[in-house]
Amino acid sequence: MENTNKIKELSLGKKIRQIRIDRKITQQELVGDFITRNMLSQIENDVATPSIKTLQYIADHLEVPLSFLMVGEHDDDFNKNYEFDDVETISSKAKQIYFEGDYLKYIEICENNPEIISNIKDNKYQKENAMLLGFACLEAASEFFIGGEKNKCMDYCKKAENCVNNLSEFTQGKQIKRQAELYRFLCQPVLTENGEEYKPSKIVNINNINSDNFIYKTFDENGVCRFKIMAAHRCLQKNDPENALGYLRDVEIFLEDLDNHPYKKDLYKLFEMYYVKVEDYRNAHLYSSKILSLYAGQNKK
């Protein structure tokens, strides 16, 4: 038979046709009394999509696993719902995608196949999938946050919490909820439109966050920026521009390559305030222009 890897890359219909030809089976021999030759021809030309029952029949008569026919980069509909597999197989394939780092794909599979996490109280592998789904949602939340999409970040935080609602007795479940809470806090504004410090409706406890803690990554990469921006703002209010500049420089270095990070606007506002305070109007104008560029970019979206 033609190289297996090459066949896997074919569309569903072309895959069936190639295997049939390699097996030296005619269309009439393959269809038997189960379907018509015309229907098989439409399937092989990717004009018609077979039912799972029909595809199982074809796989049996071609002597290949059903999963071999179904999984391929062109077979998106089948990849989404995994109707051809049992729960354990779906779970195994989903985990492979998770460990390859495709978190959004893993989330999509779990949402399209809820049975792999539906009985998490009684089933070990379903508990594991619920945990992985929580971590995947947090990874997605992180990416959306640094990309400036705070609403999507909040959505995935909610998804992360929902998937571990019945696992609060486990340390990992508590950690997922804790990190989701931190992201919701980080999504709140740092400064108001008037340049004042934003007062959150809920104060988040940030104690017990250290380098050995799972949630340290969130706090370290984004929380520190937030608190340095707040510290710079307070320094400027106390007429201490020198220390303010130190905080702002630290944040600027971290955010340099993150074009859409949600804290960038506040950072530029404070730089503008700093340069006005020290009467360096050239640089004040520079950062004012950067703020306008940010607004222009957001409006394009």
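## Lys 24

Lys 24 is exposed, at a relative accessible area of 74%. That figure comes from a predicted model, as do the others here. To find this residue, look in the loop that joins helix 2 (12-22) to helix 3 (27-31).

The backbone is worth a glance too: Lys 24 isn't a glycine, yet its phi is positive, near 60°. For context, most residues other than glycine have a negative phi.

## Glu 279

Further along the chain, Glu 279 also has a positive phi near 60° without being a glycine. Its place is the loop between helix 15 (264-277) and helix 16 (281-300).

Is Glu 279 buried or exposed? With a relative accessible area of 57%, Glu 279 counts as exposed, because the cut-off for that label is over 50%.

## Helix 14

Now for a helix. Helix 14 covers residues 241-255, and its 15 residues should span 21 Å at 1.5 Å a residue. The C-alpha atoms at its ends sit 21 Å apart, so expected and modelled spans agree.

Which residues of helix 14 are buried? They are Pro 241, Ala 244, Leu 245, Leu 248, Val 251 and Leu 255. Look down the axis of helix 14 and these buried residues fall within an arc of 130°, which means they line one face of the helix. Swing round to the other side of helix 14 and you meet Glu 242 and Ile 253, both exposed.

Definitions and conventions: Residues are numbered from 1 along each chain as its sequence is written. This is a predicted model: local features need pLDDT of at least 70, side-chain atom pairs count only at pLDDT 80 or more; totals for chains, interfaces and linings use all residues. Side-chain values use heavy atoms; hydrogens and water are left out. Helices (H or I, at least four residues) and strands (E, at least two) are DSSP runs, numbered from the N terminus. The expected span of a helix is 1.5 Å times one less than its number of residues. Buried means under 20% relative accessible area, exposed over 50%, partly exposed in between (1.4 Å probe, protein chains only). The arc is that of the directions from the helix axis to the C-beta atoms.
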